Amino acid sequence: MRDEFWDTAPHYGGQKEIWDALKVAADSDLALAQTIVDSAGIIISNPDLTLCYDERGAKYELPKYVLSEPTNLIREG
């Protein structure tokens with residue numbers, strides 16, 4: 001589901017570059033994520049990164065499942 005969201009995210013509107021920055025930020029540690037969103041000019045409305053805006057006012061909504069690794073799955077080994 002995560003890959004599917006990121007593949008289709010630019011179709012929700014906004015700029016592809018911002019979506020790309022949000023994807024990298026979502027997969028990074030906190031310090032790097034902060035640097036990425038700052039350098040991309042992303043305005044974070046919710047502290048958990050689920051609602052963001054770019055400098056032009058375009059809205060970017062991220063579902064919680066793309067922001068963290070699932071904890072309820074059984075790993076095959």
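In what pattern do helices and strands follow one another along the sequence of the chain? I began my notebook with this, keeping in mind that the model is predicted.

**Entry 1: the overall layout**

I read along the sequence and found the pattern α-α-α-β-β-β, which fits the count of three helices and three strands in the chain. I then looked up burial, and buried residues make up 30% of the 77 residues in the chain. For contacts between residues at least 6 apart in sequence, I noted that 36% join residues at least 24 apart.

**Entry 2: helix H2**

Which residues of helix H2 are buried? Within H2, which spans residues 16-26, I listed Ile 18, Trp 19, Ala 21, Leu 22, Ala 25 and Ala 26 as the buried ones. They cover an arc of only 160 degrees around the axis, and therefore they sit on the same side of H2. I next asked what these buried residues pack against, and I found helix H1 (2-8) and helix H3 (30-40), together with strand E2 (51-53) and strand E3 (59-61).

**Entry 3: the sheet**

I turned to the strands and found an open sheet of three, in the order E1-E2-E3, with antiparallel pairing. The edge strands are E1 (43-44) and E3, each of which pairs on one side only. As a reminder to myself, strands of a sheet pair through backbone hydrogen bonds, either parallel or antiparallel. Looking more carefully at E1 and E2, I saw that they run antiparallel and are joined by two bridges, and that Ile 43 stands opposite Tyr 53 in E2.

**Entry 4: Asp 54**

Where does Asp 54 lie? I located Asp 54 in the loop between E2 and E3. This residue carries a charge and is buried, yet it has no salt bridge; the nearest side chain of opposite charge belongs to Arg 56 and is 6.1 Å away, whereas a salt bridge would need the nitrogen and oxygen atoms to be within 4 Å.

I then looked for other partners of Asp 54, and found that its side chain is joined to that of Gln 15 by a polar contact of 3.4 Å. A polar atom of the Asp 54 side chain also lies 3.0 Å from the backbone nitrogen of Gly 57. Leaving aside residues up to four places away in sequence, I recorded that Asp 54 touches Gln 15, Ile 18, Gly 41, Ile 43 and Tyr 60. Two of these names were already in my notes, since Ile 18 is among the buried residues of H2 and Ile 43 is the residue opposite Tyr 53.

**Entry 5: salt bridges**

How many salt bridges does a search of the whole structure find? The search finds four, and I looked up several of them.

In one of them, the side chains of Arg 2 and Asp 27 meet with N to O at 3.7 Å. Arg 2 lies in helix H1 and Asp 27 in the loop between H2 and H3, so this pair ties together parts that are 25 residues apart in sequence. Asp 27 counts as exposed because its relative accessibility is 52%.

In another, Lys 64 pairs with Asp 48, and their closest N and O atoms are 3.3 Å apart. Because Lys 64 lies in the segment after E3 and Asp 48 in the loop between E1 and E2, the pair ties together parts that are 16 residues apart in sequence. Lys 64 counts as exposed at 58% relative accessibility, whereas Asp 48 is partly exposed, with a relative accessible area of 35%.

I also noted a salt bridge between the side chains of Lys 59 and Glu 61, at 3.6 Å from N to O, where Lys 59 counts as partly exposed at 43% relative accessibility.

Key:
Residues numbered from 1 in each chain as written. Predicted model: local features only at pLDDT ≥ 70, side-chain atom pairs only at ≥ 80, totals over all residues. Heavy atoms only, no water. Buried < 20%, exposed > 50% of the residue type's maximum accessible area, 1.4 Å probe, protein only. Helix = DSSP H or I, 4+ residues; strand = E, 2+ residues; numbered from the N terminus. Arc of directions from axis to C-beta. Contact = heavy atoms within 4.5 Å. Lys, Arg positive; Asp, Glu negative; His and termini not counted. Polar contact = N/O pair within 3.5 Å; in protein donor to acceptor, adjacent residues only side chain to side chain. Pairing = 2+ DSSP bridges.
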